[in-house]
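Me: I want to learn to read this model feature by feature. Start with one side chain, then build up to pairs and empty space.

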Amino acid sequence: MISRRSFGRALGFGTGAAAVSLAGLGSAQTASAASGAPLGTPAAHTAFPRLRQIRAGLLDVGYAESGPAHGPVVICLHGWPYDIHSYVDVAPLLAEQGYRVLVPYLRGHGTTRFRSGRTFRNAQQSAIALDVIALMDALKIEKAVLAGFDWGSRTADIVAALWPERCKALVSVSGYLVTNREANLNPLAAKAEYAWWYQYYFATERGRLAMQDKDLRRDLTRLVWDTVSPTWDFDDATFERTAAAFDNPDYAAIVVHNYRWRLSLADGERRYDALEKRLAARPVIGVPTITLDAERDPFTAPGDGASYRDRFTGAYEHRTLAGIGHNVPQEAPAAFARAVIDADHLLDK
């Protein structure tokens, strides 16, 4: 459970920026694979070896775990409309190199549940980031490499920006994704707006009802998969394994609130106002970072990372993945795992 001290620190009552070693290790420890060492070819895994539950903050979090219990920790964060299976091939690659890999279901997904029926089903960005801090506290993990895409990138970026003492290194697909709600009030180019069609659909009552209907929800999310990953040749079973996570009773509420909140069409909670004020200032990220752009992702910004380069002030690399779409870890697991290992070793160069 998140401690009173950690929760107070998270809400802005002090940060304590001193770096600490990974829980369970006597000294700073790195995984066995040095930067640049070859990784094995990922197999087509369909499941994780261990699925667990733990009370953490407001949630009872479901998560997958792979690798040695005392290895350096990597936390992999999924996006929408995806789940932990985005990392089903990444996790064993990292585990083979000595990492302890944790892949949690985000709030509203899979087996993650709110501990109280009275808790507001809030999906604003700072609340989701605090879920990661709470999970780390519950598992007694002081510091981890964070890696994510989509909602997962945003969440990892926020943890790295606001609590750098908890983040050893960062892998962020699409770069700096911290939401600026004021900027989101401005129109985009027509092509960019077209790619975000579902965001505006969820702003309507029809969109909310579609998310609540199992068949319509599956059709909608499958369409998103097809659209944003045009080169990924996945089968029906792959989609259905992930779509099962959308049957969470809070899924519709979380998804709809997330997208409405981004467009200033839904309120968050006042308890997070201080954090959101800090995020609105676009804080820089100083931890070692590798950013990944997917060439075939319609949300990839032009300029090969130039639009967000100034937000990363520490050791840094940028990579573009040719022919890859939005679901980077599942479409290119070896490249994603390689980025995690290399980010962990950026300070060694």
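## Charged pairs and empty space

Reply: Take Glu205, which counts as partly exposed at 43% relative accessibility. Keep in mind that this is a predicted model.

Me: Which residue forms a salt bridge with Glu205?

Reply: The general idea first. Side chains of opposite charge can pair when their charged atoms come close. Here the partner is Arg208, and the closest N and O atoms of the two are 2.4 Å apart. Arg208 is partly exposed too, at 25% relative accessibility.

Me: Where do Arg208 and Glu205 lie?

Reply: Both are in helix H7, residues 205-212. Three residues separate them, about one turn of the helix.

Me: How many salt bridges does the structure hold?

Reply: The count is 19. One of them pairs the side chains of Lys168 and Asp344, at 2.8 Å from N to O. Lys168 belongs to strand S7 (residues 167-173) and Asp344 to helix H13 (residues 333-344), so this pair ties together parts that are 176 residues apart in sequence.

Me: Lys168 and Asp344: buried or exposed, or partly exposed?

Reply: Check each end against the cut-offs. Buried means under 20% relative accessible area, and exposed means over 50%. Lys168 has 24%, so it is partly exposed. Asp344 has 8%, so it is buried.

Me: Which residue forms a salt bridge with Arg222?

Reply: Asp236 does, with the closest N and O atoms 3.1 Å apart. Arg222 sits in helix H8 (residues 214-228) and Asp236 in helix H9 (residues 236-243), so the bridge ties together parts that are 14 residues apart in sequence. Arg222 has a relative accessibility of 23%, which puts it in the partly exposed class.

Me: Which residues do salt bridges that share partners join into one network?

Reply: Lys214, Arg217, Arg218, Glu240 and Asp247. Read them as one network, joined through shared partners.

Me: Now the whole chain. How many helices and strands are there?

Reply: The secondary structure comes to 13 helices and nine strands. The chain has 349 residues, and 57% of them count as buried. Then look at the contacts with a separation of 6 or more. Residues 24 or more positions apart account for 79% of these. The accessible surface is about 14,400 Å², and carbon and sulfur atoms hold 53% of it.

Me: Next, empty space. How many cavities of 30 Å³ or more does a search of the whole structure find?

Reply: The idea is simple. Rolling a probe the size of a water molecule over the atoms shows where empty space is left. In this model the search finds two such cavities. The largest has a volume of about 70 Å³.

Me: Which residues line the largest cavity?

Reply: The lining consists of Leu59, Val61, Pro104, Tyr105, Leu106, Arg107, Thr112, Ile128, Asp131, Val132 and Leu135. Strand S2 (59-66) and helix H3 (125-138) are the elements that give two or more residues. H3 contributes the largest share, four residues. By class, the lining divides into eight nonpolar, one polar and two charged residues.

Me: And the second largest cavity: which residues line that one?

Reply: About 40 Å³ of space lies there. Gln125, Ile128, Trp151, Arg154, Thr155 and Asn258 form its lining. Here the elements giving two or more residues are H3 and helix H4 (151-162). H4 gives the most, three residues. The classes are two nonpolar, three polar and one charged. Note Ile128, which lines the largest cavity and also the second largest.

Me: A pocket is an open set, unlike a cavity. What volume has the largest pocket?

Reply: About 1,000 Å³. It is lined by 34 residues, of which Leu177, Asn184, Leu188, Trp196 and Phe299 are the closest to its centre. Four elements give two or more residues to this lining: H4, helix H5 (190-195), helix H6 (197-201) and helix H10 (251-262).

Me: How many residues of the largest pocket lining are nonpolar, polar and charged?

Reply: There are 19 nonpolar, nine polar and six charged residues. H4 is worth a second look: it gives two or more residues to the lining of this pocket, and it gives the most to the lining of the second largest cavity.

Technical notes. Residues are numbered from 1 along each chain as its sequence is written. This is a predicted model: local features need pLDDT of at least 70, side-chain atom pairs count only at pLDDT 80 or more; totals for chains, interfaces and linings use all residues. Side-chain values use heavy atoms; hydrogens and water are left out. On a 1 Å grid over the protein atoms alone, a cavity is a set of points where a 1.4 Å probe fits but cannot get out, and a pocket is an open set with protein on both sides within 12 Å along at least five of seven lines; lining residues have an atom within 4 Å of a point. Grid points are joined across faces, edges and corners, and a volume is the space filled by probe spheres set on the points. Ala, Val, Leu, Ile, Met, Phe, Trp, Tyr, Cys and Pro count as nonpolar, Asp, Glu, Lys and Arg as charged, and the others, Gly among them, as polar. Buried means under 20% relative accessible area, exposed over 50%, partly exposed in between (1.4 Å probe, protein chains only). Contact means heavy atoms within 4.5 Å. Accessible areas come from the Shrake-Rupley method with a 1.4 Å probe; for residues, only the protein chains shown count as cover. A salt bridge is a side-chain nitrogen of Lys or Arg within 4 Å of a carboxyl oxygen of Asp or Glu.
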